[in-house]
Amino acid sequence: MNNEDIFSRIFKLTKPFHKTILKTIAIVGAIAAIEATNSFFLSQVFNLISEGNLISEGFNLDIALIWCSLSMIGVITRIFFVSYRDKLQTKEFETKIENYLDQISINKFLTFSNGQHINQHSGVKQNIVTMGTASIRGQLGMFIYWLTPFVANFTVSMIMLLIVNIWLGIYYIAGAIFLAHLLKRFHANLEPNIKTIREFRDKTSKIKSEIYRYAPFIKNEVAETKTVNELSDIQNNLFKKDTTTWNDAINELSAIRLFGQFLKWSSIFTSIYILHRGYINPGDIFLIFLWSDKFIEAVWVMTDAQKQFINDKINIQKYFELLNTETDIKYLDNPVKDSIIGDIEFKDVCFHYPNREKEGETKTLLNNLSFTIKSGEKIGFVGESGSGKSTIANLIRRAFDPQNGSISTNGHNLKEIDIKAFLRQIGSVEQEVILFDKTVRENISFGLDSLLTDEELNAIAKLSGVHKFYSKLEKGWDTTIGEGGCKLSGGEKQRVGIARALAKKPQILIFDEATSALDMISEREVQEAIDQSCHGKTAIVIAHRLSTVKDCDRIFVMKDGKLLASDNHDNLFKTCEYYNTLVKNQMPKTI
Ligand SMILES: Nc1ncnc2c1ncn2[C@@H]1O[C@H](COP(=O)(O)OP(=O)(O)OP(=O)(O)O)[C@@H](O)[C@H]1O
Ligand SMILES: [Mg+2]
């Protein structure tokens with residue numbers, strides 16, 4: 001992505017703000033014009049003084065006072081313009097543009113498939129968005145409040161210098177072209193190093209986000225020193241690269257600034273000489289002093305802006321790359337919406353995780369997997385850890401698409417249906433229940449459009465077992481449960497998860513180790529609740545504890561991504577050796 005691409009993307013992205021941007025540029029330009037006119041008025045006063053007529057001739061005194069008054073009016077007008085500009089900035093830019101960019105980023109973020117989310121660290125993604133949007137705002141500010149006055153000052157200074165003395169003007173134009181060349185070279189040299197610095201920054205933000213998130217665990221493992229040292233190693237590398245890069249860059253910038261000063265002072269010496277020779281008058285000298293200074297100011301602005309731009313450019317590039325990322329799950333424009341709930345069929349499904357593919361793993365996780373789950377059936381999935389049970393649940397929710405074969409519901413391939421409508425009909429309870437730092441009511445109502453009433457919640461509480469600990473909640477349904485539900489026990493969290501799944505009144509229920517955190521008695525109670533809620537619904541119960549799936553209509557026995565056998569408990573116990581071993585291993589503890 002080159003500089004032009006970046007600016008054109010920013011231009012398109014900020015479309016709703018174009019009017020305000022234009023208005024601000026006009027104001028900023030007007031302020032620069034007022035400054036230029038003011039200096040011209042004052043230069044006229046200098047000319048009058050130098051002519052020596054100020055004291056002796058009343059007529060010229062009047063003119064001098066008029067010039068001064070015009071300049072004063074200019075200064076006062078400028079104050080009003082600046083105040084209007086600042087108000088516009090507060091009202092139309094600061095928070096408004098920040099919110100707008102956040103909305104765009106989050107909307108895009110939520111279009112990614114679950115697979116894409118799993119495969120990239122959330123801390124890094126958050127960093128890309130935070131730094132990218134901050135850099136876009138920074139560059140916009142730079143463009144409006146720095147670059148516009150710079151262009152205005154630069155143009156006016158060139159015109160002024162050309163008017164005062166054509167050769168002086170040409171001298172400055174040649175100098176400016178050479179300066180632009182130096183800045184371009186500076187930019188090209190610096191860019192690769194800034195990219196490396198940015199990679200180090202990504203690594204630090206990944207570690208930092210995990211430290212903040214998992215602080216209690218780090219403390220339990222007494223891994224504070226190890227974690228902090230790991231962070232400090234990466235920070236040191238970042239520091240070294242940053243210092244060496246910027247040391248060289250700052251030297252280069254200083255050379256560019258010295259060149260600017262050379263231009264200024266050589267022109268001042270020359271102008272004193274040409275004044276002495278009578279080619280220009282003192283008013284012109286005033287303008288040369290002033291505008292050569294403005295020129296130097298512009299050079300400083302450009303060098304500072306370069307420093308900022310190079311940093312921002314990498315952030316913005318990464319941000320646009322994220323915005324350009326297409327979701328790897330494609331949706332049809334006119335998906336099937338009606339009668340999408342029915343039998344779930346896996347036909348010759350082959351699947352492997354795409355990220356594993358990159359690492360050179362050729363073995364597929366699911367190999368020609370075929371089965372049908374009839375509508376209203378209760379299916380148990382058992383098998384050793386890593387055999388692909390949770391992956392099957394994810395495929396049903398279309399978190400990933402299989403590389404081969406098809407998955408369908410009621411005869412429609414998942415790729416053809418309205419997946420949002422389908423997901424609304426699925427209630428899931430995962431191994432690790434995700435809870436928000438919100439109230440119990442909000443957590444249970446999360447998949448619904450509106451909050452559940454106390455009566456509705458009470459009914460669900462009985463089914464899910466939440467009523468068992470309800471009396472402990474200090475504000476009842478409106479008790480906030482902390483980050484990730486940290487104010488609840490593991491079993492309580494799982495019951496809230498079950499309640500949330502039931503609240504949707506779904507047609508399909510997926511329990512993935514939903515009762516694994518419960519004690520035996522609670523498990524039995526929740527199990528009853530699950531059994532009750534499964535009536536008339538398709539249910540998929542994934543469990544290691546076979547007592548959980550014993551009563552299922554059929555149990556699918558998974559091994560190494562393959563379906564070894566499927567039947568009810570009694571038949572499997574007799575016919576499937578592997579299942580038989582699994583059962584015996586758990587006897588007499590749980591079954
Ligand atoms: N996002 C992922 N990227 C790469 N590999 C993955 C990913 N998620 C799971 N796997 C791998 O896929 C295999 C199957 O995982 P899965 O979670 O489906 O197993 P499981 O049968 O549910 O195991 P468990 O009973 O322990 O929950 C495992 O070997 C796991 O390492
Ligand atoms: Mg699992």
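Helices, as the word is used on this tour, are DSSP runs of H or I spanning at least four residues, numbered from the N terminus. The model on screen is predicted, and the tour begins at its ligand.

Select ligand 1 and display its surroundings, where 12 residues form the shell, the closest being Tyr353, Ser385, Lys389, Ser390 and Thr391. Colour this shell by residue class, and it divides into 7 polar, 3 nonpolar and 2 charged residues. Next, highlight α10, residues 354-358, together with α11, residues 389-396, since each of these helices supplies at least two residues of the shell around ligand 1. Of the elements to pick out here, α11 contributes the largest share, with 3 residues of that shell.

Now leave the ligand and select the sheet, an open one in which 6 strands follow the order β6-β7-β8-β3-β9-β10 with mixed pairing. At its edges are β6 (426-429) and β10 (562-567), each of which pairs on one side only. Looking along the sheet, you can follow a twist that averages 15° from one strand to the next.

Within the sheet, select residues 508-512, which make up β7, and residues 538-542, which make up β8; these two strands run parallel and are joined by 5 bridges. For a single position to centre on, take Asp512, which stands opposite Ile542 in β8.

Finally, add residues 577-586, which form helix α20, and keep β3 (378-383), β9 (554-559) and β10 in view, because the helix lies across these three strands. If you draw axes, α20 runs at about 95° to β9.

Conventions. Residues are numbered from 1 along each chain as its sequence is written. Chains are lettered from A and ligands numbered from 1 in the order in which they are written. This is a predicted model: local features need pLDDT of at least 70, side-chain atom pairs count only at pLDDT 80 or more; totals for chains, interfaces and linings use all residues. A residue is near a molecule or strand if its C-beta atom, placed from the backbone, lies within 6 Å of it. Ala, Val, Leu, Ile, Met, Phe, Trp, Tyr, Cys and Pro count as nonpolar, Asp, Glu, Lys and Arg as charged, and the others, Gly among them, as polar. Two strands pair if DSSP finds at least two bridges between them. Axes are lines fitted to C-alpha atoms, for helices over the stretch in contact, and angles run from 0 to 180 degrees between N-to-C directions. Two residues are in contact if their C-beta atoms, placed from the backbone, lie within 7 Å.
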